[in-house]
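Me: I would like to go through this model with you. Could we take a few residues and then the overall fold?

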Amino acid sequence: MKVLLCCYGGLSTGIMKKKIEDEAAKDGVNDLEIKAVAIAEAMDNPENYDVYLLGPQVRYAVDDFKKVAGNKPVIVISPADFGMMRADVVWKQIKKELNLTIKN
């Protein structure tokens, strides 16, 4: 599973990336690949991802991402979840959007 995570500068997404990977690992998902980038880099090869995550500071680009994503989910992380780095909430959103059923 490939996820593109972007914010304005790409710095704060590194922390969220690691936390989401940790949440996925708790569910036994070890094939999760997250690329954390700045919005300026995000549109390179957008078709290569299963899910697009946008930090709240780049939510203005949601329509642009929906155009390139086709039928793939585009999730805007809420300001509260991003600010508090609530990766568990974001991971639940990813699972819901992809209809993932995790059994531990």
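Me: Where does Arg-86 lie?
Reply: In this predicted model, Arg-86 is in the loop between helix 4 and helix 5.

Me: What does Arg-86 touch beyond residues up to four places away in sequence?
Reply: Arg-86 touches Met-16, Ala-80 and Asp-81.

Me: How does Arg-86 count in terms of relative accessibility?
Reply: Arg-86 counts as partly exposed, because its relative accessibility is 33%, and partly exposed covers the range between under 20% for buried and over 50% for exposed.

Me: What separates the C-alpha atoms of Arg-86 and Lys-2?
Reply: The separation is 20 Å, and the two residues are 84 residues apart along the chain.

Me: And Met-85, where is that?
Reply: Met-85 also belongs to the loop between helix 4 (79–83) and helix 5. Its phi is positive, about 55°, although Met-85 is not a glycine.

Me: Is Met-85 buried or exposed?
Reply: Met-85 counts as buried, since its relative accessibility is 16% and the limit for buried is under 20%.

Me: Let us turn to helix packing. How do the axes of helix 1 and helix 5 cross?
Reply: The axes of helix 1 (residues 12–26) and helix 5 (residues 87–97) cross at roughly 65° and come within 9 Å. The crossing of helix 1 past helix 5 is right-handed.

Me: Which residues make the contact?
Reply: Helix 1 contributes Met-16, Lys-19, Ile-20, Glu-23 and Ala-24, while helix 5 contributes Ala-87, Asp-88, Val-90, Trp-91 and Ile-94.

Me: How do those residues divide by character?
Reply: Seven residues of the contact of helix 1 with helix 5 are nonpolar, three are charged and no residue is polar.

Me: Take Glu-23, then. Is it buried or exposed?
Reply: Glu-23, which lies in helix 1, is buried, with a relative accessible area of 19%. The cut-off for buried is under 20%.

Me: Which residues is Glu-23 in contact with, leaving aside neighbours within four places in sequence?
Reply: Glu-23 is in contact with Ala-87, Asp-88 and Trp-91. Those three are also among the residues that helix 5 brings to its contact with helix 1.

Me: What about Thr-13?
Reply: Thr-13 is another residue of helix 1. Its relative accessible area is 0%, so Thr-13 is buried.

Me: Which residues does Thr-13 contact, leaving aside its neighbours within four places in sequence?
Reply: Thr-13 is in contact with Leu-5, Cys-6, Cys-7, Ala-36, Val-37 and Phe-82.

Me: Moving on, where is Phe-65 found?
Reply: Phe-65 is in helix 3 (residues 62–69). Phe-65 is buried, with a relative accessible area of 1%.

Me: What does Phe-65 touch?
Reply: Not counting residues up to four places away in sequence, Phe-65 touches Leu-4, Cys-6, Ile-39, Ala-42, Met-43, Tyr-52, Leu-54 and Val-74. Cys-6 is also one of the contacts of Thr-13. As for Thr-101, 36 residues apart from Phe-65 along the chain, the C-alpha atoms of the pair are separated by 26 Å.

Me: Now two glycines. Where do Gly-9 and Gly-70 lie?
Reply: Gly-9 is in the loop between strand 1 (2–7) and helix 1, and Gly-70 is in the loop between helix 3 and strand 4 (74–76).

Me: Are they buried or exposed?
Reply: Gly-9 is exposed, with a relative accessible area of 51%, and Gly-70 counts as exposed at 56% relative accessibility.

Me: How are they placed relative to Val-58?
Reply: The C-alpha atoms of Gly-9 and Val-58 are separated by 9.7 Å, with their positions 49 residues apart along the chain. For Gly-70 and Val-58, 12 residues apart along the chain, the C-alpha separation is 19 Å.

Me: Finally, the whole protein. How many helices and strands does it have?
Reply: There are five helices and four strands. Their order from the N terminus is β-α-β-α-β-α-β-α-α.

Me: Why is it described as being as compact as a globular protein of that length?
Reply: The radius of gyration is 13 Å, close to the 13 Å given by the globule rule for 104 residues, so the protein is as compact as a globular protein of that length.

Me: What share of the residues is buried?
Reply: Of the 104 residues, 43% count as buried. The exposed area is about 5,800 Å², of which carbon and sulfur atoms supply 49%.

Definitions and conventions
Residues are numbered from 1 along each chain as its sequence is written. This is a predicted model: local features need pLDDT of at least 70, side-chain atom pairs count only at pLDDT 80 or more; totals for chains, interfaces and linings use all residues. Side-chain values use heavy atoms; hydrogens and water are left out. Axes are lines fitted to C-alpha atoms, for helices over the stretch in contact, and angles run from 0 to 180 degrees between N-to-C directions. A crossing is left-handed if the near helix is turned anticlockwise from the far one by less than a right angle, and right-handed if clockwise. Contact means heavy atoms within 4.5 Å. Ala, Val, Leu, Ile, Met, Phe, Trp, Tyr, Cys and Pro count as nonpolar, Asp, Glu, Lys and Arg as charged, and the others, Gly among them, as polar. The radius of gyration is taken over C-alpha atoms; the globule rule is 2.2 Å times the number of residues to the power 0.38. Buried means under 20% relative accessible area, exposed over 50%, partly exposed in between (1.4 Å probe, protein chains only). Accessible areas come from the Shrake-Rupley method with a 1.4 Å probe; for residues, only the protein chains shown count as cover.
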